[in-house]
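Hi there,

Here is the structure I promised to pass on. Have a look at it first, then read my notes below.

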Amino acid sequence: MLFQHPSPPVEVIAEMNKREFLKSSGAFVAGSIASRFAPAQPASQQPHAQGAATPQGAATHENWAGNIHYSTEHVHTPANLDELRDVVKKCSKLRAIGSRHSFNRIADSNQNQVSLANLNAIEIDEHARTVMVGAGVRYGQLAPVIDAKGYALHNLASLPHISVAGAIATATHGSGLHNGNLATPVRALEIVTATGDVLHLSRDRDRDQFAAAVVGLGAVGIVTRVTLDLQPTFQVAQTVYQNLSFSELERNFDGIFGAGYSVSLFTDWQNHRATQVWIKRRLAAGETHNPAPDFYNAKRATEKLHPIAGHPAESCTEQLGIPGPWYQRLPHFKMEFTPSSGRELQTEYFVPREHGYEAILAVEKLKDKITRHLFVTELRTIAADGLWMSTAYQRDSLAIHFTWKPEWDIVKQILPQIEAQLKPFAPRPHWAKLFTIPPQQIQSEYTRLPEFKAFLNRHDPTGKFRNEFLQTNLFAG
Ligand SMILES: Cc1cc2nc3c(=O)[nH]c(=O)nc-3n(C[C@H](O)[C@H](O)[C@H](O)COP(=O)(O)OP(=O)(O)OC[C@H]3O[C@@H](n4cnc5c(N)ncnc54)[C@H](O)[C@@H]3O)c2cc1C
């Protein structure tokens, strides 16, 4: 069955704070369907798109957080595969752009970007138990459609606002000892390569090429469709506990992170404790859930909480152990609200899970430098995978995440100190977040990098899809 959404669905816009939706969406590109080439004009000069909210208050051409102003205003918005192929053939330099939620320059280009917001088909194959998703689709659009047909994805990130293609390209993840990141359910990819040809790769048939291409960092080509594994829909109950001592974590690391299908710890690094533990428990059909009042001496919250102390919790997904559909519990934030803080920066490092507690202690040493500039830290686990450029490649991982206040001048001085503390644990930075780890160190963490580069050189010998971020982090040395 084939579902075509306008991008975004009208009902989603209606529910959302429009200003925030425009800020977090690619609406600026949808705004110029007539020319299909959208210079990123100030909001006041943007033409209106049919079905889109008014551009009043829309952002200029910047990322979601507003910390990156892209280096080009040339944003192509092809209506279909053929138009995209023409764009690819005509451009000597081009980067795909998704929902612009990355915090660094990974999506940037100083010549051309292309948004696939118009490629938004959702096609379920009941027989294969897969869904084929156009590259313009966001999880918040996809999830209710597949849930209505009785299906689920295995996991979601903290927010549903991001595009599926953009999330996969950067190995975006949720949490769970046994949950791989969001790239792991990819079964097949359709990619327009540098010549404008269409490359189909499948997990079952193409093994190495597939493992190279999935977490492609936008460098392999423009992904137009991805096919994802589905599973039967399920219910999740989310319960929050407060004040978990790190001493309990030291003794019960796997027990704590394995206490639910997906578990997140939040901390401000003070007082040797996690301020909150979010346990997302997957329920069997008909199972009721009575969360215990204590969790390793942490106390169950009796009201809904935002992970950042003092922030109103209405934007958060339901808690208090109330069961609900997977897609309304696995993210921390609801689609119709701005996730997280809004004005913030993010950093995240992946370390081997077996050294997770030691790595946490190493960062804790910097607590008095960190806390003042931090909204919150989140600790999550990700299962190892076989995708060459994945941050969890062949490594069960603990992810240590920082949501910073928008104080880059200070944060950029703290990051090298955190990175020095984590160096013994071979940290891999999140591809889409802020870091200062030297390129050579990053490169040494990816054993398949030489083959990945050879793969890129084969499909994109002139470096059409390479930007400064990739040139620096993958190729400089
Ligand atoms: C509030 C907030 C919360 C977040 N929470 C999480 C979280 O829980 N877990 C986590 O891991 N990350 C998280 N992130 C980071 C986010 O998941 C990544 O930045 C992700 O890449 C965003 O997808 P996007 O579509 O916005 O990508 P963009 O930022 O637009 O692009 C990212 C990369 O994807 C590539 N790309 C996009 N579309 C295509 C395509 N069609 N073909 C080829 N390449 C493409 C781009 O070229 C670029 O390299 C969060 C970000 C924000 C702002």
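Before the ligand's surroundings, a word on classes: Ala, Val, Leu, Ile, Met, Phe, Trp, Tyr, Cys and Pro count as nonpolar, Asp, Glu, Lys and Arg as charged, and the others, Gly among them, as polar. Sorted that way, the shell around the ligand holds 19 nonpolar, 14 polar and five charged residues.

Keep in mind that this is a predicted model, where local features need pLDDT of at least 70, side-chain atom pairs count only at pLDDT 80 or more, and totals for chains, interfaces and linings use all residues. Residues are numbered from 1 along each chain as its sequence is written, and side-chain values use heavy atoms, with hydrogens and water left out.

Now the ligand. It has 38 residues around it (a heavy atom within 4 Å), and the closest are A96, G98, H101, S102 and S163. Some polar contacts (pairs of N or O atoms within 3.5 Å) are there too: a polar side-chain atom of S163 sits 2.6 Å from a ligand oxygen, and a side-chain N or O atom of R380 is 2.8 Å from an oxygen of the ligand. On its own the ligand has 970 Å² of accessible area (Shrake-Rupley method, 1.4 Å probe), and the protein covers 99% of that.

And S102, one of the closest residues? Buried or exposed? S102 is buried (under 20% relative accessible area, 1.4 Å probe, protein chains only), at 18%. Leaving out residues up to four places away in sequence, S102 touches N63 and A432 (heavy atoms within 4.5 Å).

Cheers

Note on methods:
Buried means under 20% relative accessible area, exposed over 50%, partly exposed in between (1.4 Å probe, protein chains only). A polar contact is a pair of N or O atoms within 3.5 Å; within protein, one must be able to donate a hydrogen and the other to accept it, and residues adjacent in sequence count only if both atoms are side-chain atoms.
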